[in-house]
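Me: I am new to this structure and would like a close look at a single part of it. Could you pick one strand of the sheet and walk me through its surroundings?

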Amino acid sequence: MQTKMREEFAKIFGEGREPEFYFAPGRVNLIGTYALARKNDCGKMRFYSLNFTRFGMLAVEGPANEFTNVLADNWCNYPKGVMWAYTQKGYTIDSGLDILYYGNIPNGSGLSSSASIEVATAVILNDQFGFDVDMVEVSKICQFSENKFNGVNCGIMDQFAIAMGKAGHAIFLDTADLSYTYA
């Protein structure tokens, strides 16, 4: 998986600094969203999905706090929304990023493909920009993004389960106060 993604990344975004590899599970943690990402010097957020090659690469210019949900941007509204949400919470995204995504969650299956791409994007932002955002807060930022940027009135269960998942465990989550225990 990583080797093929690295080859595709180089074809799409060109040679340069080696990208970092990321993964966020879906609600079923054997499947999820894989991503490769690196900062770029062009100042643009450039997104490409191996699942949606028909859309090609989307390049978004301008500061993330000015991103808007554009219907034609389709799936890219999820990572754009997370970037926008980080800026709304006071974080500064001060350079562009190249991000290649691949997901093996069936779209529309109810297994949280949108939450998975959101959490993967948040982890990328934390790593690439040195943000110290814990995973409970990541789940809250991702829910905020889906609610306010994408207009989906979802709860926090999917984002929380993906951000806080632990191999071999189930999570008992009280969504009223986000208290949780692993079983």
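Reply: Happily; what follows is a tour of strand S3 and the parts around it.

A word on the model comes before the tour. This is a predicted model, in which local features need pLDDT of at least 70 and side-chain atom pairs count only at pLDDT 80 or more, while totals for chains, interfaces and linings use all residues. Residues are numbered from 1 along each chain as its sequence is written, and side-chain values use heavy atoms, with hydrogens and water left out.

Let us begin with the sheet. Five strands form an open sheet in the order S1-S2-S5-S3-S4, and their pairing is mixed. Strands here are DSSP runs of E with at least two residues, helices are runs of H or I with at least four, and both are numbered from the N terminus. Two strands pair if DSSP finds at least two bridges between them. Strand S1 (20–25) and strand S4 (58–60) stand at the edges with a single partner strand each, so one side of each has no neighbour in the sheet. On average, neighbouring strands of this sheet are turned by 20° against each other, direction ignored.

Now to S3 itself, residues 45–49. On one side, S3 runs parallel to strand S5 (residues 96–103), and five bridges join the two. Along this pairing, Phe-47 stands opposite Ile-99 in S5, and Tyr-48 has Leu-100 as its bridge partner there. S3 is also joined to S4, by three bridges, and these two strands run antiparallel. Here Met-45 stands opposite Val-60 in S4.

Which way do the side chains point? In a regular strand, side chains alternate between the two faces of the sheet. In S3, Met-45, Phe-47 and Ser-49 point one way, whereas Arg-46 and Tyr-48 point the other way. S3 is mostly covered, with five of its five residues buried, where buried means under 20% relative accessible area, exposed over 50% and partly exposed in between (1.4 Å probe, protein chains only).

Helices help to frame the strand. Helix H1 (residues 2–13) lies across S1, strand S2 (32–40), S3 and S5, and runs at about 140° to S5. Helix H2 (residues 77–88) packs on the sheet, touching S3, S4 and S5, and its direction makes about 145° with that of S3. Such angles run from 0 to 180 degrees between N-to-C directions, using lines fitted to C-alpha atoms, for helices over the stretch in contact. Contact means heavy atoms within 4.5 Å.

Finally, Phe-47 leads us into the nonpolar core. A core of this kind is a set of buried Ala, Val, Leu, Ile, Met, Phe, Trp, Tyr and Cys residues joined through side-chain atoms within 4.5 Å. The largest one has 42 residues, and Phe-47, Met-83, Tyr-86, Ile-93, Ile-99 and Leu-125 touch the most other members. Helix H3 (residues 113–129) gives the most to this core, with eight residues. Leaving aside neighbours within four places in sequence, Leu-125 is in contact with residues including Met-83, Tyr-86 and Ile-93. A second, separate core of seven residues includes Leu-100, the bridge partner of Tyr-48 in S5; Phe-13, Tyr-34 and Leu-36 are also among its members.
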